[in-house]
Amino acid sequence: MMLGSNADGSDKLLPTGKAEKPRCFAGIRQFSCTYTNQQNAWMTGKEYTSWVRKFDARMRIEKRKVLLFVDNCPAHPIVDGLTNTEEVDMGIIKNFKHHNRTRLVQPSALSIL
């Protein structure tokens, strides 16, 4: 799943999904999101680049200039030629994992186990 929102949450992007038959969507025939799939369900650089270019075109039409904070995933290459979108690598995955591991070894977390 790829999710996006502005800082205050008032402008949310439609989610983009990848799995062919996600169990959480069993019985749903129409999605209110951009939904594609491929054999291994992982985001590819090609899919990401296509998504960023569509997002940039939307921002150009809306006459908005935006910063797009992305994680350091290899499937998220820097996309050249964007006019209204600037990508900033925030290392989100690395920071999340560090924060999660830190919380996991805190004494209060251990007492719950």
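K63 counts as exposed, with a relative accessibility of 74%. The cut-off for that label is over 50%, so K63 qualifies. This residue sits in the loop between α1 (45-61) and β3 (66-70). Its backbone deserves a look too. Phi of K63 is near 55°, a positive value in a residue other than glycine. Most residues other than glycine have a negative phi. All of this is read from a predicted model.

**The chain as a whole**

Now step back from K63. The protein chain holds three helices and four strands. In sequence order, they follow the pattern β-β-α-β-β-α-α. The chain has 113 residues, and 23% of them count as buried. Its accessible surface comes to about 8,900 Å². Carbon and sulfur atoms account for 57% of that surface. Contacts along the chain can also be sorted by separation. Take those between residues at least 6 apart in sequence: 33% of them join residues at least 24 apart.

**The core**

The largest nonpolar core has 13 residues. Which of its members touch the most others? They are Y48, W51, V52, F55, L68 and V79. Two elements, α1 and β3, each give two or more residues to this core. The largest share comes from α1, with five residues.

**A buried charge**

E87 lies in strand β4, which spans residues 85-89. Is E87 buried or exposed? E87 is buried, yet it has no salt bridge. The nearest side chain of opposite charge belongs to R53, and it is 8.5 Å away. A salt bridge needs the charged atoms within 4 Å, so R53 does not supply one.

What does the side chain of E87 reach instead? It makes a polar contact with the side chain of Y48. It also reaches the backbone nitrogen of V79. The table sets out these distances.

| Partner of the E87 side chain | Distance |
|---|---|
| Y48, side chain | 2.6 Å |
| V79, backbone nitrogen | 2.7 Å |
| R53, nearest side chain of opposite charge | 8.5 Å |

The surroundings of E87 can be listed as well. Neighbours within four places in sequence are left aside here. E87 is then in contact with Y48, V52, L68, P77, I78, V79 and L82. Four of these names have come up before: Y48, V52, L68 and V79 are among the core residues that touch the most other members. E87 is thus a charged residue that is buried, with core members among its contacts.

Technical notes:
Residues numbered from 1 in each chain as written. Predicted model: local features only at pLDDT ≥ 70, side-chain atom pairs only at ≥ 80, totals over all residues. Heavy atoms only, no water. Buried < 20%, exposed > 50% of the residue type's maximum accessible area, 1.4 Å probe, protein only. Contact = heavy atoms within 4.5 Å. Areas by Shrake-Rupley, 256 points an atom, 1.4 Å probe, with all protein chains shown as cover. Core = buried A, V, L, I, M, F, W, Y, C linked by side-chain atoms within 4.5 Å. Lys, Arg positive; Asp, Glu negative; His and termini not counted. Polar contact = N/O pair within 3.5 Å; in protein donor to acceptor, adjacent residues only side chain to side chain.
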